[in-house]
Amino acid sequence: MARAVRFDRYGDVDVLDVVEVPDPKPGAGQVVVAVVAAGINPGESKIRAGLLHERWPATFPSGQGSDLAGRITALGAGVSGIAVGDEVVGFTHQRASHATHVVVPVDQVAPKPAGLSWEVAGSLFVAGTTAFAAVRAVEAKEGDTVAVSAAAGGVGTVAVQLLRARGATVIGIAGPGNADWLRSLGVMPVEYGDGLAERIRAAAPDGLDAFLDFHGSGYVDLALELGVPPERVDTVIDFAAVEKYGVKAEGNAAADTIDVVAELADLAAAGTLTIPIAATYPLDRVRDAYRELERGHTRGKIVLRP
């Protein structure tokens, strides 16, 4: 029997259980992956708590997890170009990767670069594609000055590096404990909290060209106050601001292709993209993993190792 995370009602981390489930069987065009690493993400916490029921309702009993990396254990009819035992990076749209095994369409996996750690490989999909889409949405280019909220979080750490690769000057909004880390990435750290607008104006005396919001809680209003045009503001969390101001809301769904994941995996394997791993947990400690995530001060990714 395989094992998987399940919850049968909305609630806090205590609704999460690890249960035995039937061994998955691949259909036509599908593969089974034995999961070696699977990242966890803040959106999964919000779905589990019922906070996104209107947008992304859960169907009970629900699984969870989108990011994955592992080894192919079975092939469905019509699958070619991949073999049992191959190491892959990929994703599922079925809230199912927090498990020992998962079935996915073959076009949602790609070869894992040999030099890439399992933890990083299993953390690329949600954070990586969200960052990729947001950077693309604001058309960041060389010479731009771009501010990023939650710059040291799972998505922010990827976004600031992609922005730097495009030649942008990056202002990273984060806590003081992350200042040195952001500087090591070529990012100008600015501490969040009271007086933030003044600190950003001091850091960018010529103004901001774009703003990426990965935190919510008024950052879109701040971006507009600082003179950033709405079409160059992207938020992945403040959907009310999208309705109110017409800013962009391009995130994971705008770039959720295996080509983007493979590109990010290659960048990470080459050392061009750094994905910090904050902690790893066995599947049985999934509740502890989300408790740590929900404290809200994690630098980089938390990963389950089924």
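This note comments on a predicted model, point by point.

1. Annotated span. The unreviewed UniProt entry annotates residues 11-304 as "domain: Enoyl reductase (ER)". In the model, that span is 29% helix and 23% strand. The C-alpha atoms at its two ends lie 20 Å apart.

2. The five-stranded sheet. One sheet is open and has five strands. Read across, the order is E10-E9-E8-E11-E12. The pairing is parallel. Strand E10 (188-191) and strand E12 (233-235) form the edges, each pairing on one side only. Direction ignored, neighbouring strands of this sheet are turned by 15° against each other on average.

3. The E8-E9 pair. Which strand is joined to E8 by four bridges? Strand E9, residues 169-174, is the partner of E8, residues 145-148. The two run parallel. For a specific register check, take valine 146: its bridge partner in E9 is valine 170.

4. A helix on the sheet. Helix H6 covers residues 196-203 and lies across E9 and E10. Its direction is at about 160° to that of E10. E10 is also one of the edge strands.

5. A cis proline. The peptide bond from phenylalanine 60 to proline 61 is cis. Omega is near -5°. Proline 61 sits in a loop, with helix H1 (42-49) on one side and strand E4 (67-75) on the other.

6. Arginine 95 backbone. This residue is not a glycine, yet its phi is positive, at about 50°. Where is arginine 95 placed? It lies in the loop between strand E5 (87-91) and E6.

7. The second largest pocket. Its volume is about 240 Å³. The lining comprises 17 residues. Closest to the centre are Ala4, Arg6, Gln94, Arg95 and Ala96. Arg95 therefore deserves a second look here: it is the residue with the positive phi.

8. Pocket lining. Two strands, E1 (2-6) and E6 (101-105), each supply at least two residues of the lining of the second largest pocket. By class, the lining residues divide into ten nonpolar, five polar and two charged. Arg6 and Arg95 are among the residues closest to the pocket centre.

Key
Residues numbered from 1 in each chain as written. Predicted model: local features only at pLDDT ≥ 70, side-chain atom pairs only at ≥ 80, totals over all residues. Heavy atoms only, no water. UniProt positions renumbered as here; feature names shortened; annotations may be inferred. 1 Å grid on protein atoms, 1.4 Å probe; cavity = no way out; pocket = protein on both sides within 12 Å on 5 of 7 lines; lining within 4 Å. Points joined across faces, edges and corners; volume = space filled by probe spheres on them. Nonpolar A, V, L, I, M, F, W, Y, C, P; charged D, E, K, R; others polar. Pairing = 2+ DSSP bridges. Axes fitted to C-alpha atoms, helices over the stretch in contact; angles between N-to-C directions. Contact = heavy atoms within 4.5 Å.
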